[in-house]
Amino acid sequence: MQIVAWRTDVRVAVSEGGVPITRPTLFAEVGPLREGGHGRTPHPLDNNPGSAAGHSQVGPKGFGVLPELCNRGSTTLSPVLKRILLALVAGVVLSLAFEPVAAPIVLPFAVAGFFLSVRGLRARQGWWVGLVFGVSFYYVHIWWMHVVALPAWLALAGIEAFFYGVLGAVVAVLGARRWWPLWVTAAWVAVEVLRSGWPFSGMPWGRLAFATVDTPVAASLPYVGMVGVTALLALAGALLAWLVVAQGRERRFALGAVAALVAVLAVPALASYTPDEVGSTTVAVVQGDVPGPGNDILYDPDGVTENHVRATVDLADDVRAGDVPAPDFVVWPENSTASDPFNRQVIGDGIREAVAAVDVPVLVGAIVDGDPGHVLNQGIVWDPVTGAGERYTKQNPVPWGEYIPFRKYLDYNIGDLSSIGRDMLRGTREEPLTVAGVRIADAICFDVAYDGGIQAQLARGAELMVVQTSNASFMGSDQIDQQFAITRLRAIETGRWLTVASTNGLSGIVAPDGTVVATADPRTTAVLVEEVGLVDDVPPGIRVGPWVARLCIAATLAGLVLAMLTYRRRRTLPRPVEPGPDGPRLQETKQE
């Protein structure tokens, strides 16, 4: 006979002699019982290789063993503090998977560390541990934001760290369920999708998929999209965490699951997605450079426009001389004119001069006045005959960088934020632009990190991708390398050639396999002219990715609902007590 002694915060299975039945494990649960049941003999606890009550089950189970380091009066480091330290280290390590270090091999181990740090805790404890992970990861990952404004870095990274706190609480709940690696994988994807689009249009920097450039995993992008690759990487971390805590037969099962995932990831790498090209076009990418220190477009905004006009006129001279092939159209970067070309004649005249000289359409990046207090960041197709035509408006302006949230309620006229005098409005266009007969999917700067606008334009027939960007504000920081890595991954995901025009770096032309065909050195004036292929096939990942997101969100919500129902049911279940002189009694209690 076994006697199960219960307390309101922990459980210990003991024999009649009071000796623990199960072996302690480092990542045992600290908090209320989650699985095994109340008022009955529990199933095998915490990955114990032995069986209980004659049961033998294989599969990841919830934690329930109380390690000796949790004993009251222990002089060792508290288990929650150990988890906080693990989360702190895991967050910093995850940042190393991205530029400038770009060591993607650490990614699944960092994710595994996060899962291990929060799984088995109460939801409230998981929130705090997850927040520590988010702070250590995100404040390091977007350190470059401080060059725009220190308050912007503090606010934006703080908001994103909050989401990892939420993730920690959710994983603490779902990690107690059987087959928990699948549940926590869904939770990671769901929270990543949520924070990438909300609030204030979200912040997708730090998505797991964005660390896969120049790795075999990137080959999966055309098949499952960015969200799908994140799911695979999160699952890899969850399976590694399972491998750490599993014992005996279950550990062999976990090892087999890890091997199976590696095999799945190897398939796209061996059979890469190769779309058929339906034609070609010749594109000229102009990088005009930024006068002065190079990190401030507003230092000499008219000089920026003049640089791009002169570079385009020189291109026309080179074409006439036969030194370079004639382009079908030209791409200028974001902020190639920082003032409205329709309201300032000198700017409009400069653009018309450049377009007339090269005698092909130019996709101009311009700041255009909106209603009072607002501006638009647009890509404008400027034709040598018909003038300004179709426009794409940036869909994801940066909070505290290009607009101030809640400006009408709060006074932000302090420090660097005082320079943001007008708020940038977001665009909604989903149709590709037509430039010289080519349908292009445009993305302005941070838009390249968001899925929705790109997916919409590809689904409507875009044959080529163009990114117009101005990284001048981030010159000398890691943001430039991080964004260019994301840009290369977009080329792989969409199966499209991709051209990048930047005011002073990095400009380049990327092939559908992510190879950089041509690039311009930062802080230089340069023109890249290349013939690129056109593709009208839509990769499966463009359609699969959104469904992966929906499935993970639905699974996470379902898991939380099931956990809530289970908790409410257990609050009034009978629980055993120590046998008294009159024999064992059952007692109805509420579980706190």
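A nonpolar core is a set of buried Ala, Val, Leu, Ile, Met, Phe, Trp, Tyr and Cys residues joined through side-chain atoms within 4.5 Å, where buried means under 20% relative accessible area with a 1.4 Å probe, protein chains only. The largest one here has 119 residues, and Ile142, Trp188 and Leu464 have the most contacts inside it. Helix H6 (residues 221-245) gives the largest share of this core, 14 residues. At least three residues come from each of domain 1 (79-273 + 559-566) and domain 2 (279-538), with bounds from an automatic or database domain assignment.

Before going on, a word on the model: it is predicted, local features need pLDDT of at least 70, side-chain atom pairs count only at pLDDT 80 or more, and totals for chains, interfaces and linings use all residues. Residues are numbered from 1 along each chain as its sequence is written, and side-chain values use heavy atoms, leaving out hydrogens and water.

Back to Ile142: leaving aside residues up to four places away in sequence, Ile142 touches Trp153, Leu156, Ala157, Met203 and Trp205, a contact being heavy atoms within 4.5 Å. Another core, of 23 residues, lies apart from the largest one, and Val330, Ile351, Val368 and Leu376 are among its members.

Now for the membrane annotation. The unreviewed UniProt entry marks residues 84-115, 127-146, 152-175, 182-201, 221-246, 253-273 and 547-567 as "transmembrane region"; such annotations may be inferred rather than shown by experiment. Here are two of those spans, with helices (H or I, at least four residues) and strands (E, at least two) taken as DSSP runs numbered from the N terminus.

| Span | Helix | Strand | Distance between end C-alpha atoms |
|---|---|---|---|
| Residues 127-146 | 75% | 0% | 26 Å |
| Residues 182-201 | 80% | 0% | 28 Å |

Then there's a sheet. It is open, has six strands in the order E9-E10-E11-E12-E13-E14, and its pairing is mixed; two strands pair if DSSP finds at least two bridges between them. Strand E9 (433-435) and strand E14 (516-520) are at the edges with a single partner strand each, so one side of each has no neighbour in the sheet. From one strand to the next, the twist averages 25 degrees.

Strands E10 (residues 438-444) and E11 (residues 464-469) run parallel, joined by five bridges, and Ile444 stands opposite Gln468 in E11. Helix H10 (residues 451-459) lies across E10 and E11, at about 175 degrees to E10; angles run from 0 to 180 degrees between N-to-C directions, using lines fitted to C-alpha atoms, for helices over the stretch in contact.

Note on methods: Buried < 20%, exposed > 50% of the residue type's maximum accessible area, 1.4 Å probe, protein only.
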